Amino acid sequence: MSNRPELSLDPQNWDTLKQIGHQMVDDMFDYLNNIRNEPVWRPVPERSKEYFEEDLPQRPQDIASLYEAFKTHILPYPQGNIHPRFWGWVMGSGTPVAMLAEMLAAAMNSNVCIDGQAAVLVEQQVLNWCKQLVGFPETASGLLTSGASMANLTALIAAREHISGGSVRRLGLQAEPNRMVLYCSMEAHHCIRKAAEVMGLGAASVSMIPVDDQYRMRTDLLEEIIQNDLAAGRFPFCIVGNAGTVNTGAIDPLSELAALARKYSLWFHIDGAFGAFARNIPEYADTLAAIGEADSLAFDLHKWMSVPYEAGCVLIRDETAHRKAYEQTANYLIRHERQQGSGQFSFGDYGIELSRGFKALKVWMTLKHYGAFAFTALIKQNIAQARYLSESVQQHPQLELTAPTALNIVCFRYVRPGWPEEKTRAVNQEIMLHMREKGAAIVSATILKGRYTLRAAIVNHRSRMEDFDFLVEQVVRNGHELG
Ligand SMILES: Cc1ncc(COP(=O)(O)O)c(C=O)c1O
């Protein structure tokens, strides 16, 4: 045997690492505590872009200088979604407590797949809590995912397998000579179409149903279209309802969709990426009650539950249907009767991935530390802020509300009498970019019925009412200056 010391990635001096680790934790708390005084966004300067062009490091670098590089080139240039005046797309803001949970989970470095470890119990408990939060039966199965896109895909695969009697899993789509069709509204998130593409069904298998003036799916048209598809020999298999559309926060008539799914023996899936949690607000209880009737539900924890990225969840009412879509056996994953890593239970039987991180810990600590009531109160607060912004817009002669504010998304724009659509579009785009470039506030944009519109999606636990006065003031001031 040689006398050369064997290699390991653990430090030779733990105390040095500890010291800088403590410094990092202190700095990050200060950073989050002070985030309101920072710009929402600033561009990554050329110097930092160049820093990321360095070649593969072959030699070690001490952690202190790496931390300096992080503070110089990375930390000052975030997406912005931790800031109180960020309302772009639909992005959650995270919490300092879950930041700690991320660190603890990374230390354990658990691969949360097969049982025999507490991390599996944590995820199972989190899934049970999620069922309670959104009104799903306790017998349902579930899985934490990277986000709602993966959660939707995971559910739609289960839908395809269940409705086709498992034939597609065995034989591929050739098993179904008739085109399988899935229905969603024209306002559904593009991840539904992407799921159909990934599943080999093709985008043409997604029948996008027109919406009413509230941006909700037209169920009268849906039924007609299903009947036409049946008459044409197609194979309808799934209806996807929205509990909060990405564009405007509209909630589809979910109980009508549930009834149609039952009538035509289709799988009923709901994309509740953020809106599913509004079910606990009494005012939305009826509109969202049909979540409890769905065969599956997808939602995000990294949006309105403020869990740091990434964390989504899928719940499936029929555990057997869920497992049948995914379970596999393999010699190297042989299942034993007893204890450690027995593999009797495996999250790998409920989704696409085998190795999975310990996402559950940050969700578990978030729910335990803050309590579910806190989230109901915060969701209420964001809805009240959306209504306040919506009213402020309606009261201002130079602002126009471009969609009803159904939940937490406010669609609006700066207008002047006589401006053609191109001019309104150009000015509003500039308003949005100016606010971003000045680090003042971030909203995103969308097109509604051909009209370019600004869009504030409020899932931010750091926002205050005064921030929305500031937003209105900024949009109007920029509009005057740019118009
Ligand atoms: C309604 C809806 N569905 C799905 C998604 C996709 O979620 P994720 O980005 O977590 O994959 C979003 C994202 O904003 C959404 O709003």
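Here are legends for several close-up views of this predicted model.

**View 1. Three domains along the chain, with a contact between domain 2 and domain 3.**
The chain divides into domain 1 (15-80), domain 2 (102-370) and domain 3 (373-482). Between the centres of domain 2 and domain 3, taken over C-alpha atoms, there are 31 Å. Where these two meet, 19 residues of domain 2 are in contact with 17 residues of domain 3. On the domain 2 side of this contact, the residues divide by class into 10 nonpolar, 8 polar and 1 charged.

**View 2. Helices α4 and α13 cross each other.**
Let us look at a helix pair next. Helix α4 covers residues 96-108 and helix α13 covers residues 359-370; their axes come within 8 Å and cross at roughly 145°. The crossing is right-handed. From α4, the residues taking part are V97, A98, A101, E102, L104 and A105, and they meet L361, K362, M365, T366 and H369 of α13. Sorted by class, this contact holds 7 nonpolar, 2 polar and 2 charged residues.

**View 3. The surroundings of the ligand.**
Here the ligand is shown with the 14 residues that surround it. The closest are G147, A148, S149, H189 and A273. By class, this shell is made of 7 nonpolar, 5 polar and 2 charged residues.

**View 4. An open sheet of 7 strands.**
Reading across the sheet, the strand order is β2-β8-β7-β6-β5-β3-β4, and the pairing is mixed. The edges are held by β2 (141-145) and β4 (206-209); each has a single partner strand, so one side of each is left without a neighbour in the sheet. From one strand to the next, the twist averages 20°.

**View 5. Strands β7 and β8, and the loop between them.**
Zooming in on one strand pair, we find β7 (residues 296-300) and β8 (residues 312-316) running antiparallel and joined by 5 bridges. L297 has L315 in β8 as its bridge partner. The loop between β7 and β8 is worth a pause. Most residues other than glycine have a negative phi, and most peptide bonds are trans. S306 lies in this loop, and its phi is near 60°, a positive value in a residue other than glycine. E310 is also placed in the loop between β7 and β8, and the peptide bond from Y309 to E310 is cis, with omega near -5°.

**View 6. An open sheet of 5 strands.**
In this sheet the order is β1-β11-β12-β10-β9, again with mixed pairing. At the edges stand β1 (86-87) and β9 (399-401), each of which pairs on one side only. Strand β11 (residues 442-448) runs antiparallel to strand β12 (residues 451-457), and 5 bridges join the two. Within this pair, S444 stands opposite R455 in β12.

**View 7. Helices α14 and α16 packed on the sheet of 5 strands.**
Helix α14 (residues 372-395) packs on the sheet and touches β9, β10 (409-414) and β12. The direction of α14 makes about 20° with that of β10. Helix α16 (residues 465-482) packs on the sheet as well, touching β9, β10 and β12. For α16, the angle with the direction of β10 is about 25°.

How values were computed:
Residues are numbered from 1 along each chain as its sequence is written. This is a predicted model: local features need pLDDT of at least 70, side-chain atom pairs count only at pLDDT 80 or more; totals for chains, interfaces and linings use all residues. Axes are lines fitted to C-alpha atoms, for helices over the stretch in contact, and angles run from 0 to 180 degrees between N-to-C directions. Helices (H or I, at least four residues) and strands (E, at least two) are DSSP runs, numbered from the N terminus. A crossing is left-handed if the near helix is turned anticlockwise from the far one by less than a right angle, and right-handed if clockwise. Two residues are in contact if their C-beta atoms, placed from the backbone, lie within 7 Å. Ala, Val, Leu, Ile, Met, Phe, Trp, Tyr, Cys and Pro count as nonpolar, Asp, Glu, Lys and Arg as charged, and the others, Gly among them, as polar. A residue is near a molecule or strand if its C-beta atom, placed from the backbone, lies within 6 Å of it. Domain bounds come from an automatic or database domain assignment. Two strands pair if DSSP finds at least two bridges between them.
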